[in-house]
Amino acid sequence: MSQRTAIALLSGGLDSATAAALALEQGDRVIGLSFDYGQRHRRELDAAAAVAEQLGLAEHHCISVNLASWGGSALTDASISIPTEGVEEGRIPPTYVPGRNTVFISVGLSLAEARGAERLVLGVNAVDYSGYPDCRPDYLNAFQTLADLASKAGREGHGAQLWAPLVQWSKVRIVEEALRLSVPIETTWSCYSGGTHPCGVCDSCRIRDAALREAGRPDLCSSTAA
C-alpha cells in the first residue's frame, strides 16, 4: 500500500504541532501549511518553520492571505487590546479572527486535492479556549459536507477528510501527548504577543503554562523561558 499523504495546518503553536506529530506517528507523509494572515507578529511563523524542520515534514508552505486588511480581531488589529483577564465562559474573546479557519481550511483542501492528500490535519481545540465558532465539532462536520461537495475529489468519493484529533482534548492531555511524541515544545509559540520570549500574561500563555505545570514540566513555562 502507498503511504498516505496528509496536509497539516501548522500555526507554530503546541496544538498544531502535536496534531502533525500524531499524523506522523500513524505513518503519514505530512506536508505542513502555514499562513501569514497579517497577525501582529511573525514569531509564530518562525516557530512553524522550525517545528516543520524538527518534525521532519516532507514539505512546508507558507501562504499569505492578509486578514488584517479589515481587522476585527486583537490578533490582527493593534488598536484592540490583547486579553489578559482569563477566558470568560460563554463569551467569544477578541482574539477570535473572523473567518480565519474557514479561509485556512479552504486553502488546505485546495492543496490536499492538488497533492492527492487523503486528509487535512487540524490542531483545533474547543475545550480549553472559549469555544471559537470555527473550532467546534459541529462546524467541522458541516465543513466536511461542504468539502465533499466542493471538490472534484470529493464528488468522486475520495476527497480529503478533516481530522481534528485534539478537538475535545484538555490542554493537559495535549501537553502529555506532545511529550510522548517528542514534539519540540520549546520551539512552539502560543503567545499572542511577539518578542523574544512569551509574555506569560496573555490568555494563551496562561492556559499553556497551567497545563505544563500540571503535566510536570514547569521548566517549559513562559515564566521560565527567559
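This is a short talk through the sheet, the helices and the aromatic contacts of one structure.

Okay, before anything else: what you see is a predicted model.

Let's start with the sheet. Five strands, so 5 of them, make an open sheet ordered β3-β2-β1-β4-β5, with parallel pairing. Which strands stand at the edges? Those are β3 and β5, the latter being 161-163; each has a single partner strand, so one side of each has no neighbour in the sheet. From one strand to the next, the twist averages 25 degrees.

Now walk along the chain. Strand β1, residues 5-9, pairs with β2 in the parallel sense, over 5 bridges. If you want a spot to click on, T5 is opposite R29 in β2. Getting from β1 to β2 takes the chain through helix α1, residues 14-25, and that β-α-β crossover is right-handed.

On to the next pair: β2 and strand β3, residues 59-64, run parallel and are joined by 6 bridges. Here D36 has S64 in β3 as its bridge partner. The chain goes from β2 to β3 by way of helix α2, residues 43-55, again a β-α-β crossover, and this one is right-handed.

So how many residues of strand β2 are buried? It's 6 of the 8 in residues 29-36, so β2 is largely enclosed by the rest of the structure.

What lies across the sheet strands? Helix α3, residues 100-115, lies across β1, β2, β3, β4 and β5, and runs at about 145 degrees to β2.

Over at β5, strand β4, residues 119-121, runs parallel to β5, with 3 bridges joining them. R119 has Q161 in β5 as its bridge partner. Keep an eye on R119, though: R119 also lies over the face of W163, at 3.8 Å from the ring centre.

That brings me to the aromatics. The structure holds 4 aromatic pairs. Take Y139 and F143: their ring centres are 5.7 Å apart and the planes sit at 70 degrees, so this pair counts as edge-to-face; the cut-off for that label is over 60. Both Y139 and F143 are buried. Why are they separated by about one helical turn? Because Y139 and F143 are 4 residues apart in helix α4, residues 137-150.

And one last thing to look at: F35, Y37 and F104 are linked into a cluster by ring pairs.

That's my tour, thanks.

Key. Residues are numbered from 1 along each chain as its sequence is written. This is a predicted model: local features need pLDDT of at least 70, side-chain atom pairs count only at pLDDT 80 or more; totals for chains, interfaces and linings use all residues. Side-chain values use heavy atoms; hydrogens and water are left out. Buried means under 20% relative accessible area, exposed over 50%, partly exposed in between (1.4 Å probe, protein chains only). Helices (H or I, at least four residues) and strands (E, at least two) are DSSP runs, numbered from the N terminus. Two strands pair if DSSP finds at least two bridges between them. A crossover is right-handed if, with the strands pointing away from the viewer, the path from the first strand over the helix to the second runs clockwise. Rings of Phe, Tyr and Trp (its six-membered ring) pair if their centres lie within 6.5 Å; planes under 30 degrees apart count as stacked, over 60 as edge-to-face and the rest as tilted. A charge sits over a ring if NZ of Lys or CZ of Arg is within 6 Å of the ring centre and within 35 degrees of the ring normal. Axes are lines fitted to C-alpha atoms, for helices over the stretch in contact, and angles run from 0 to 180 degrees between N-to-C directions. Contact means heavy atoms within 4.5 Å.
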